[in-house]
Amino acid sequence: MGGDFGVSVSVPAVRRALFLCPDLRIFLTGGSAISDALRKSRLSGDPRVTVVEADSEIESDSDPIDDLKNSAGTSMRAAVELVKSGKAGACVSGGNTGALVAISRYLLRTLSGVEHPALVTCIPSLGNSSGRSVMLDLGANLHSSERDLVEYARFGSLYAHHILKISEPNVKILNVGTEFSKGRKEIRAAAEELSSDSSVRFTGFMEGSELFSSDADVIVTDGFSGNIALKTAEGFARTLFKSHSGRSPIAKLMSLPLKWLLGRRLRIFSPDRYNGAALLGLSGIVVKSHGAAGVEAFANSILAARDLVRSGIMPALIKSTAEPSN
């Protein structure tokens, strides 16, 4: 029910995900609008889709604390409860991020020793062998301590290993400079600790200009900086593509070859391809979709959740938080 477009996007996205992965089984939580959307998408009666009734929804601009207090009966809480009960392997939501984090933390609880779970996803990279970098935190926590950043590095390494199949991921921290004397004290302290952490291959700092060209397999940052960096990059990619459309008929005609060439290049930077940020550090899998996601992007977030469930990352996360690193 969440996101900017609700069931007009989420239900067709389910249809697309089921087409690509026929063995999926999907619960849809919400109100009567789901049934209408299922009919329009020709999914009524499909045994792979189960509707779980929920009386209310969480608003996109509401306060997360209030949302948690009043979450009983909402579609978002019903979805997370399915994960808690073991009926679902993962929850996917395009709704209010703060509410999703609060409800997920309350119902699923954080893993042993974890203070703040982090939102993590892959971004395109031209500087490493896999063509993708794992980046976290992307907005679950606006303020991150030294301990948080160290935990993010460990989470990101496990994510890169299990999802991208990189044996020894190269980890860097996003900073205002590459010198170890630069940056906030929390960043410098985290770098010092990671330098002696045998569970992480930490190779130093990187700057924002290297976001899509660094050799880093994992990019660690606080949620405030990470969210701004990612949304700035997404907005720039869209603006750059649109700026070559031209206004006059002649300008449009002359811009077609450039638009075609640029479009092919920019497709690897399309936010839709990388939609679906996992909330790591909880006892279950929760994936956050962009609120403005279209059908293809939302379907990709469902597939991202499927990949996480199948990857075996949860047992690895549980083990890593239970055993102190050295």
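In this predicted model, the rings of the aromatic side chains form two pairs under the distance rule applied here. One of them joins Phe180 and Phe202, whose ring centres are 6.5 Å apart and whose planes stand at 90 degrees, so that this pair is classed as edge-to-face, given that an angle over 60 degrees is what that class requires. As for where the two partners sit, Phe180 belongs to the loop that runs between β6 (170–174) and α7 (185–194), whereas Phe202 is part of strand β7 (residues 201–206), so the pair ties together parts of the chain that are 22 residues apart in sequence.

Phe180 is also paired with Phe205, and here the geometry is tilted, with 5.1 Å from centre to centre and 35 degrees between the planes. Because Phe180 lies in the loop between β6 and α7 while Phe205 lies in strand β7, this pair ties together parts that are 25 residues apart in sequence. Taken together, the ring pairs link Phe180, Phe202 and Phe205 into a cluster.

Which members of this cluster are buried, and which are partly exposed? Phe180 has a relative accessibility of 48% and therefore counts as partly exposed, since the buried class ends at 20% and the exposed class begins over 50%. Phe202, by contrast, has a relative accessible area of 12% and is therefore buried, and Phe205, with a relative accessible area of 5%, is buried as well.

The loop that carries Phe180 also holds Asn175, which is found between β6 and α7. With a relative accessible area of 9%, Asn175 is buried. Leaving aside residues up to four places away in sequence, Asn175 touches Lys182, Gly183 and Ile187, and it also touches Phe205, Met206, Glu207 and Gly208. Phe205 thus appears both among the contacts of Asn175 and as a ring partner of Phe180.

A separate matter is that of the cysteines. How many disulfides does the structure hold? The count is zero. A disulfide is a covalent bond between the sulfur atoms of two cysteines. Two of the cysteines can nevertheless be described by their accessibility: Cys21, at 7% relative accessibility, counts as buried, and Cys122, at 6% relative accessibility, also counts as buried, because in each case the value falls under the 20% limit.

Note on methods. Residues numbered from 1 in each chain as written. Predicted model: local features only at pLDDT ≥ 70, side-chain atom pairs only at ≥ 80, totals over all residues. Heavy atoms only, no water. Disulfide = S-S within 2.5 Å. Buried < 20%, exposed > 50% of the residue type's maximum accessible area, 1.4 Å probe, protein only. Phe/Tyr/Trp six-rings, centres within 6.5 Å; stacked < 30°, edge-to-face > 60°. Helix = DSSP H or I, 4+ residues; strand = E, 2+ residues; numbered from the N terminus. Contact = heavy atoms within 4.5 Å.
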